[in-house]
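Dear colleague,

I am passing on the structure we spoke about, and below it you will find my notes on what came out of going through it. Please read them with the model open beside you.

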Amino acid sequence: QIIRNPKSFATAGERGVAMRHVAQAYAEMGEPDRALALIGQVSGADDRTAVRLSSAKALASDGRTDEALATAGQIEAERYRVVALGRVAAEMARRGEEEKAFALVGYALRLTRNIELPYARSYAAGQIALSLVEIGQRYGEKAFARALEATGTMESDQLRAYVLWTVANAQARMAMTADSDATMVLANRA
């Protein structure tokens, strides 16, 4: 209904927000081209960012890494661009592109240095660490070590604790009991 009759919404702002949800749904259903085709009808930079984040991940899942990186590069806010790069890296790792995934994570972590606000910087580093947890499902200890390294740059204790608990739980699922216990100590300290 929204696509067929966008005028059914009272205001252009309402239409733009509705289009964000439609576009994001397309991306999450694995149809990033359809999502990106609607981006011109999405109002608000934050709404377009959400569509680009989902689309970048979908493109990477599809093996279209160059397009995923280009889509991530269109995200204006550095913290969300970093998040998109982490999601692309996780998808690369799922497809077995270990070196490229870790190189992209390294690049994304370096980008966090340019983020001015401490909480935003912590959020971005935390999202990279969570992407590394996903990568750890395939590459184990190396990814978890990088995730722990990323938490060292986080200034928000609350965000750091959440990420560390997530790392500890992932380590436990991979039968890395001693590592999980050590990470849990760090999480509780945070």
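Gln 158 is placed in helix H9, which runs over residues 157–173, and with a relative accessible area of 65% this residue is exposed. Its C-alpha atom is separated by 30 Å from that of Ala 58, a residue 100 places away along the chain. Please keep in mind, here and in everything that follows, that this is a predicted model.

Val 167 lies in helix H9 as well, but its surroundings are of another kind: its relative accessible area is 0%, so Val 167 is buried. Not counting residues up to four places away in sequence, Val 167 touches Val 133, Phe 144, Ala 147, Leu 148 and Thr 183. The C-alpha atoms of Val 167 and Ser 55, which are 112 residues apart along the chain, are separated by 26 Å.

Beyond helix H9, in the loop that leads to helix H10 (177–189), one finds Ala 175. Its phi is near 60 degrees, a positive value in a residue that is not glycine, and this deserves a look, because most residues other than glycine have a negative phi. Ala 175 has 62% relative accessibility and therefore counts as exposed.

The fold as a whole can be described briefly. The chain has 10 helices and 0 strands, so that its pattern, read along the sequence, is α-α-α-α-α-α-α-α-α-α. For 190 residues a compact globule would be expected to have a radius of gyration near 16 Å, and the 18 Å of this chain agrees with that. Along its principal axes, the C-alpha trace spans about 60 × 35 × 30 Å. Of the 190 residues, 46% are buried, and among contacts between residues at least 6 apart in sequence, 54% join residues that are at least 24 apart. The accessible surface comes to about 9600 Å², with 50% of it belonging to carbon and sulfur atoms. As for the charges, the chain carries 24 positive and 23 negative ones, and their mean positions are 3 Å apart.

Which residue contacts tie helix H7 to its surroundings? Arg 121, which is placed in helix H7, is in contact with Thr 112, Ile 115, Glu 116 and Glu 155 once its neighbours within four places in sequence are left aside. The C-alpha atoms of Arg 121 and Glu 155 are separated by 8.0 Å, although these two residues are 34 apart along the chain. Despite its charged side chain, which is counted as positive, Arg 121 has 18% relative accessibility and so counts as buried, the cut-off being under 20%.

Thr 112, one of the residues that Arg 121 contacts, is placed in the loop between helix H6 (98–111) and helix H7. With a relative accessible area of 5%, Thr 112 is buried. Leaving out residues up to four places away in sequence, Thr 112 touches Val 82, Arg 121, Ala 124 and Ala 125.

Helix H7 also takes part in an aromatic pair, and the structure holds 2 such pairs. In the one described here, the rings of Tyr 80 and Tyr 123 have their centres 6.2 Å apart and their planes at 70 degrees, and because planes over 60 degrees apart count as edge-to-face, the pair is assigned to that class. The pair links distant parts of the chain, with Tyr 80 in helix H5 (residues 78–94) and Tyr 123 in helix H7 (residues 118–139), 43 residues apart. Tyr 80, at 24% relative accessibility, counts as partly exposed, and Tyr 123, at 25%, likewise counts as partly exposed.

Helix H5 also holds Glu 91, and here one may ask whether this residue is buried or exposed. Its relative accessible area is 8%, so Glu 91 is buried. Apart from residues up to four places away in sequence, Glu 91 touches Lys 57, Ala 60 and Ser 61.

If you look at the model yourself, I would suggest beginning with the loop that holds Ala 175 and then turning to the contacts of Arg 121 in helix H7.

With best regards

Methods. Residues are numbered from 1 along each chain as its sequence is written. This is a predicted model: local features need pLDDT of at least 70, side-chain atom pairs count only at pLDDT 80 or more; totals for chains, interfaces and linings use all residues. Side-chain values use heavy atoms; hydrogens and water are left out. Helices (H or I, at least four residues) and strands (E, at least two) are DSSP runs, numbered from the N terminus. The radius of gyration is taken over C-alpha atoms; the globule rule is 2.2 Å times the number of residues to the power 0.38. Buried means under 20% relative accessible area, exposed over 50%, partly exposed in between (1.4 Å probe, protein chains only). Contact means heavy atoms within 4.5 Å. Accessible areas come from the Shrake-Rupley method with a 1.4 Å probe; for residues, only the protein chains shown count as cover. The place of a charge is taken as NZ of Lys, CZ of Arg, CG of Asp or CD of Glu. Rings of Phe, Tyr and Trp (its six-membered ring) pair if their centres lie within 6.5 Å; planes under 30 degrees apart count as stacked, over 60 as edge-to-face and the rest as tilted.
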